[in-house]
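Take a look at the model below. Then read on for a short tour of its parts.

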Amino acid sequence: MARCCSDFSRTELVRRAAVEAGRGLPAIEPGMPMPAGTGLDRRSFLARTAGLALAVYGGSSLLPRALEEGIAAAAAAGPQRVLVSVFLDGGADSLSMLFPSGDPLYRRLRPRLALPASAGRPFAEDERLRWHPSLGSLATLHGEGKVTVLPGVGYAGPDQSHFTSRHFWEVGATSEQLRTGWLGRYLDRAGSADNPLQGLSLESRLQPALATAKMPVASIDGPDRYDFWTRNVWGEVETRMLDAIGSLGAIPAGGDPALAQATGAARQAARLREQLRPFTPQDDKPGFTSPVAYPTSEDDEFPRRLAGLAAMLGAGLPVRVVALNAPGMYDTHDDQPQELANGLELTADSLLAFQRDLEARGLSERVLVHVWSEFGRRAKENGSNGTDHGAAGTGFLIGARASGTMIGEFPGLASLDRDGNLRATSDFRGLYSALLEDWLGADAEAIIPGARSFARPRVVK
Amino acid sequence: MSVAVYTGPFGHRQAERLLWRAGFGPRQGEVDALAKLGLDGAVRSLTRPGPEKLVGPKPGDDKGRPIAPGDAWGHDHLWWLDRMARTSRPLVERMTLVWHDWFATSVDGVGSQKLMLDQNRLLRRLALGSFATMVREVTRDPAMLLWLSGTENSKSSPNENYARELMELFTLGAGRGYTERDVREQARALTGFASDWRRGAGSVNFRFERDRHDSGMKRVFGASGRFDWEDSVQLCLRHPSHASFFVEKLWGYFVPSAPDPATRRLLERMYRSDFQIRPVVEAILRHPVLYTGPRMVKPPAVFNAGLLRARGRGIDTLAWAWLSGESGQRLFRPPNVSGWDDERWLDTATFRGRWQVANYASRPYSLTDKQAASLPSEPKALVAEAIAFWGSPTLRPETRAALVAFARRAMADADAKWKRTSYRFLTANALRQLVVMSPDYQTS
């Protein structure tokens with residue numbers, strides 16, 4: 001109830017701001033401090049979202065009108081569901097994430113790597129399996145009914161190349177030719193032409209799953225780090241210079257793809273900078289704060305990015321689909337145990353903190369996280385204390401609305417395929433189709449090639 | 001029939017594009033000097049250069065101390081960027097970058113900057129030589145042996161890592177005529193490499209050990225034999241898919257559109273006779289499409305080195321190392337073994353990274369109040385100053401017009417006496433930034 005009302009008032013505030021500014025509200029001077037940061041109470045977010053529209057209008061009369069309209073329209077559309085895609089890069093070992101502790105075959109195939117029979121917590125949905133000791137945070141969320149496990153997700157005719165298999169997952173089809181990502185094609189249909197934040201890559205590079213054909217998408221390292229500081233350029237000239245980035249991005253590319261990429265980057269950078277202006281740290285105050293503690297580690301990019309994402313969602317920014325890499329290296333050909341444990345632990349602990357953050361902000365009903373890897377690993381260990389490339393892998397859906405019930409079953413070690421790999425018991429294209437239909441409300445058949453032929457698992461409750 | 005050769009005029013524009021595609025952009029005056037040589041002379045000056053000279057100030061850190069590329073964090077990046085910026089053999093250096101992307105090895109997995117530099121020297125030495133020798137040497141290169149588990153691959157416990165990438169990424173291409181069984185059999189053929197771990201020194205004493213090698217019969221691509229690692233490489237090079245893989249991949253580093261079938265066939269024939277790299281590169285650099293076809297986005301390392309070359313500035317800050325991550329190409333740290341995705345260099349994050357690179361590149365020359373009086377106030381003259389600052393790169397008229405429009409607006413804001421002076425240097429600094437961030441300069 002309360003949510004509905006505050007959303008209404010936010011929309012109104014933004015609309016009113018744009019309308020009044022259009023009538024000539026007193027201009028906000030360039031350099032006037034913007035309200036900074038989230039981690040404020042909800043009312044502050046609302047005021048700040050409104051402040052964004054005002055400041056944009058007042059800051060410069062040169063900015064494209066579409067900007068305020070885009071923000072107002074995105075806000076007016078109401079809070080939308082968000083899908084976050086987290087990639088375990090390298091092919092994460094499914095036989096470690098949920099391991100068949102009592103199976104003698106497991107100990108025979110993994111004489112060195114098998115985890116102790118009592119390690120980790122039992123997996124309530126299948127008594128044969130236990131959680132990897134480093135995945136305690138996921139076990140906790142699973143206990144709360146917020147994790148859906150896919151213990152054998154993949155596709156028929158598995159490809160054991162990292163790049164090919166990863167590409168299949170990114171484009172949402174077993175096709176080498178597709179050049180747009182499955183989330184990108186969703187945005188091409190459901191997104192808007194003036195909102196790069198709708199497809200957000202939380203990396204210094206664009207995540208291929210987000211590659212679109214038409215709609216703008218963004219990649220940023222963090223919402224508080226998107227400035228264009230330039231030595232000895234300030235004041236009014238700086239404002240004009242930042243506008244000029246947009247002007248360079250508006251020069252026609254004349255059909256040249258490289259020029260189109262360069263102008264597109266300039267255009268979207270200019271747009272994104274406006275969208276993220278409220279997160280610019282001011283006077284030593286951080287751009288945002290979090291209501292919960294995230295894990296700290298030497299490699300803290302992942303928790304920091306998730307914290308920034310929660311803050312952006314909390315501020316009402318129009319983010320729809322997000323993609324980022326999990327920490328860790330999962331291509332564990334050698335010395336698997338430590339490498340894998342480190343990556344899994346930071347990943348799971350960060351995802352737990354993110355979930356708690358969303359809950360504290362009242363956003364948990366709106367966000368679903370999908371964790372995936374390009375394949376699992378060979379059932380039999382290799383001689384280097386590691387494992388080679390395999391087939392079916394383990395995936396997770398995390399969120400308050402996740403169904404909490406396993407999709408497909410643990411394929412077992414007694415019926416490996418001819419390469420000695422786990423067989424898939426669910427298909428990633430069926431999963432994608434269900435996410436598109438039941439979570440994002442999109443037409444899967446227009447996005448996933450051959451969607452009709454894949455069974456839809458139950459992904460949300 | 002031979003490969004088509006560009007026959008149009010070879011002037012300033014063509015020479016400028018060639019210097020960016022086959023090198024790291026011009027130093028002041030280099031474009032016109034190259035144009036005078038004509039197409040053939042220009043290409044030969046790049047593919048058959050004299051002994052290397054490094055021109056300009058020696059590299060140092062922020063305090064002017066010599067760099068330590070084998071040890072200090074980020075100094076490996078500085079070391080190579082310095083070669084790119086100062087070399088008199090830009091194509092050799094550019095080809096070294098091509099091979100680094102092709103046999104993409106990361107210090108993240110190797111754990112030794114010294115071994116990475118050894119590999120880099122190998123790639124440079126063979127940059128325009130025999131690809132057969134290149135694959136052979138890379139296969140037993142210590143950094144590669146560590147990177148793709150070569151020393152972990154033994155008779156008693158085969159490891160498929162290198163075997164798979166040798167075929168998929170280095171010589172044949174994914175799904176182009178090999179099976180999962182071939183991967184396993186090739187892994188057996190490649191067994192036998194070993195090294196020792198010495199405390200404080202890391203991996204040392206790389207060698208082939210007969211005892212670790214699986215000398216049994218293998219079946220690869222339908223042929224049987226007691227193959228070893230050299231056979232494994234030969235089998236890939238003689239595979240019917242190899243020549244077309246090599247030609248198309250190499251072509252793609254210089255021209256963004258695929259070669260037409262006739263050109264590809266001719267280049268394959270040229271290559272197949274003796275696996276020589278230089279003639280294929282020469283043919284590509286003389287091909288009409290390089291001069292008349294679409295543009296390419298400059299890779300971030302090329303962009304960065306190009307800014308330094310344009311200014312004749314040496315390496316004097318560690319900033320280039322961390323900025324390289326922001327702009328998307330940290331040398332010696334490709335994202336994975338398939339190298340960088342050079343179809344998607346520019347997005348909102350890497351655009352900002354390049355902005356920072358440009359900002360650092362012009363930093364020592366940044367204009368202040370002191371120079372304001374000597375700067376023009378006329379918008380067009382301010383734009384001309386900024387373009388000349390970077391060695392007069394070619395910009396399209398519409399891009400120039402956008403820059404003039406910015407300068408005009410900025411100077412029109414100067415509604416007080418102090419502003420009329422100060423806004424000249426503020427605008428001039430901003431223009432220098434905008435010139436190299438323009439779509440025209442980001443591409444070649």
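The report below covers chain A, chain B, their contact and the nonpolar core.

## Chain A

This is a predicted model. Chain A has 461 residues, and 59% of them count as buried. Its secondary structure comprises 13 helices and ten strands.

Sequence separation tells part of the story. Take the contacts in chain A between residues at least 6 apart in sequence: 73% of these join residues at least 24 apart.

## Domains of chain B

Chain B is divided into two parts: domain 1 covers 12-292, and domain 2 covers 368-444. The C-alpha centres of these two domains of chain B lie 41 Å apart.

## Where the chains meet

How many residues does each chain bring to the contact? Chain A gives 46 residues and chain B gives 57 residues. On the chain B side, the elements that give two or more residues include α10 (161-171), α19 (348-362) and α22 (397-412). Another is α23 (417-437) of chain B. The largest share of that side, nine residues, comes from α23(B).

What is the chemical mix of the side of chain B that touches chain A? It divides into 21 nonpolar, 22 polar and 14 charged residues.

## The nonpolar core

The largest nonpolar core has 254 residues. Those with the most contacts inside it are V322(A), L81(B), L431(B) and L434(B). Here α23(B) appears again: the largest share of this core, ten residues, comes from it.

Now zoom in on L81(B). Leaving aside neighbours within four places in sequence, L81(B) is in contact with A301(B), N304(B), A305(B), I315(B), W320(B) and L331(B).

Terms used:
Residues are numbered from 1 along each chain as its sequence is written. Chains are lettered from A and ligands numbered from 1 in the order in which they are written. This is a predicted model: local features need pLDDT of at least 70, side-chain atom pairs count only at pLDDT 80 or more; totals for chains, interfaces and linings use all residues. Two residues are in contact if their C-beta atoms, placed from the backbone, lie within 7 Å. Helices (H or I, at least four residues) and strands (E, at least two) are DSSP runs, numbered from the N terminus. Ala, Val, Leu, Ile, Met, Phe, Trp, Tyr, Cys and Pro count as nonpolar, Asp, Glu, Lys and Arg as charged, and the others, Gly among them, as polar. A residue is buried if 20 or more other C-beta atoms lie within 10 Å of its own, exposed if 12 or fewer, and partly exposed in between; C-beta atoms are placed from the backbone. Domain bounds come from an automatic or database domain assignment. A nonpolar core is a set of buried Ala, Val, Leu, Ile, Met, Phe, Trp, Tyr and Cys residues joined through C-beta atoms within 7 Å.
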